[in-house]
Amino acid sequence: MSDAVAPAILIEGARKAYKPIVGTPARDAVHDVTIRVAPGTIHGLLGPNGAGKTTTLKMLLGLVRPTAGTFSILGQDSTRPAGRRDVGFMPEQPYFPQHLTATQALRLYALLSGVPRAEIPGRIAALLERVGLSGRERTRLDAFSRGMLQRLGIAQALINDPRVVVLDEPASGLDPVGQRDVRNLMLSLRDAGVTVLLSSHQLSEVETVCDDVTIMNAGRVAAEGDLDDLLNVAGHTSIRARGLGEELPPAVAVHAGSVAASGGVWVFSVPDEAVRAVVDAIDDAGGAVVSVSPMRDSLEDYFARMLAETVTEGGAR
Amino acid sequence: MRDRVLPIAFGVVADSLRRKVLYIVLVFAALLAFAIPALPDYGLGVEAAVFREVALALAYVTALVLTLSLAANRVPSEVERRTVYNVVAKGVSRWEYLVGTWLGVVLVVGAGLAAFTVVEQIVGLVTYGEPMWRLWQGAFATWLEMGVIAAFAVAISAVAGPVVVVTASLAALFIGHARSTLLGGEGALGLQPFVPSLDAFNVVNPVAHGQGVPPLYLASMVVVFCGLAGVSLIVGGALFSRRDL
């Protein structure tokens, strides 16, 4: 991100310490977290459970009092109510007053957001259509499924036509079609110049839509930047091949690591400098190369490695 | 501010109107109102005055039950169910949220008191042949006092659960009406200005046995109401703003 561009979201030195219960040490849920989100981008906030993602978002949105740090959205202090008026937020598992209908709930949030009364009916109709809830305008929310509530949560986050949207696990509880719809929605928001901060566990979701990511672990920023740069394993290439029989040819096996086979397709990694020799060896053995690509960690593997490092560091201390 | 407080208040009203407790309390109170003329005190020959006194007491208890049942759990349940997230994240100040909640409770209690006073008037008219308009003065005083109690309850509920809220509110009610008893001793009289009193809202005698409440006194009750409710809501807002949601 260019330093010349003022970030749409800026979190600097965020810290949240919970007071100790008598006899226990104080605990930092979030420690010295700094996140910069460029305007008009989708920024992923990733991390395992308990990493501090939601606490960070809550501090940004004034739901939790920070112990330290500064938080701004579009240049305004977002811990103050006035600094959140141009923001849409969808919490993880959004809850609504159950006695309201979808229209009544969106009307309430539109009024609270300061949407002009004359514009409210049109916005509600358009948003319900956009999130796939057309025809449910008069359905009471206690009759909504979890997926429908999730869709309504997205609609309420967008009711004030915000320039910044914060989404906490937006695809949670949605079926595959719903997850695809959410991804497309985020992309269309970005196309419209809206900045999106997305907290998620789902690698596929993050990989598809995010321009940059911040990975948190144990309350700290573990890594940040482009997801490809973070997950690519330097110096190794992943090769997929078929037609190699029950065992890898010796000329391939000598270089191959992380070997897996399924349905006649072999997947393994080799050092970059051995790629040419391995491809030739596959040809010589009568096999066919399906793909050659930079070797990449799965996010799950990345997390697992981070957690292991955290445990090791904790043990060393 | 108004654009954010009023939608919250109307949300509380809409939610309250679907709660069975509201109707059960009102129906039960109305049935008791019809039973007042059967009380044994009527042998004393001051039937209408005694009816007004008991009716005021009944209205007071009804309003108190409504106030505590609506105010004690509203904020804690919204925090627990996280519905408050969508509100606060929209740029609504926490004090605006509390004031809106309080206002909604006050409106519902006012509507309940009004309905109950109409029932009392009907019973009074049918039984004694007089409309008993002064009961509205009593209802107004009760409504103001319940507004203060609701403000106190909402303020406490910003940091405590419903059991603590109800207990604290009843304690405040007791202390508020027992200032002269608690601090009646010569040495303690100096403390009286520091203990808020709810006695200003006690208009039973002029309504039940006298000529009604003078307009200036009614106005002074409004001043006391604004002061006590305002202080409670300011303290509640300060407490709530420090709370992690």
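**Exercise 1.** Does B:Phe51 count as buried or exposed, and what is its relative accessibility?

*Solution.* The model is predicted. Start with the value: B:Phe51 has 0% relative accessibility. Buried means under 20%. So B:Phe51 counts as buried.

**Exercise 2.** Classify the ring pair formed by B:Phe51 and B:Tyr128.

*Solution.* Step one: the ring centres lie 5.5 Å apart. Rings pair if their centres lie within 6.5 Å. Step two: the planes stand at 55°, so the pair is tilted. Step three: place the partners. B:Phe51 belongs to helix α3 of chain B, and B:Tyr128 to helix α5 of chain B, 77 residues apart. B:Tyr128 has 23% relative accessibility and counts as partly exposed.

**Exercise 3.** Work out the surroundings of B:Phe240, starting from its pair with B:Tyr97.

*Solution.* The two ring centres are 5.8 Å apart, with planes at 25°, so this pair is stacked. The pair links helix α5 to helix α10 of chain B, across 143 residues. B:Tyr97 is buried, at 2%. B:Phe240 is buried too, at 0%. Now add the charge: the charged end of B:Arg94 sits over the ring of B:Phe240, 5.7 Å from its centre.

**Exercise 4.** Give the strand order of the four-stranded open sheet in chain A, then find its edges.

*Solution.* The order is β12-β13-β11-β14, with antiparallel pairing. The edge strands are β12 and β14, each pairing on one side only. Seven bridges join β11 to β14. A:Arg240 stands opposite A:Ser291 in β14. Finally, helix α9 of chain A packs on the sheet and touches β11, β13 and β14.

Note on methods
Residues are numbered from 1 along each chain as its sequence is written. Chains are lettered from A and ligands numbered from 1 in the order in which they are written. This is a predicted model: local features need pLDDT of at least 70, side-chain atom pairs count only at pLDDT 80 or more; totals for chains, interfaces and linings use all residues. Side-chain values use heavy atoms; hydrogens and water are left out. Two strands pair if DSSP finds at least two bridges between them. Helices (H or I, at least four residues) and strands (E, at least two) are DSSP runs, numbered from the N terminus. Contact means heavy atoms within 4.5 Å. Axes are lines fitted to C-alpha atoms, for helices over the stretch in contact, and angles run from 0 to 180 degrees between N-to-C directions. Rings of Phe, Tyr and Trp (its six-membered ring) pair if their centres lie within 6.5 Å; planes under 30 degrees apart count as stacked, over 60 as edge-to-face and the rest as tilted. Buried means under 20% relative accessible area, exposed over 50%, partly exposed in between (1.4 Å probe, protein chains only). A charge sits over a ring if NZ of Lys or CZ of Arg is within 6 Å of the ring centre and within 35 degrees of the ring normal.
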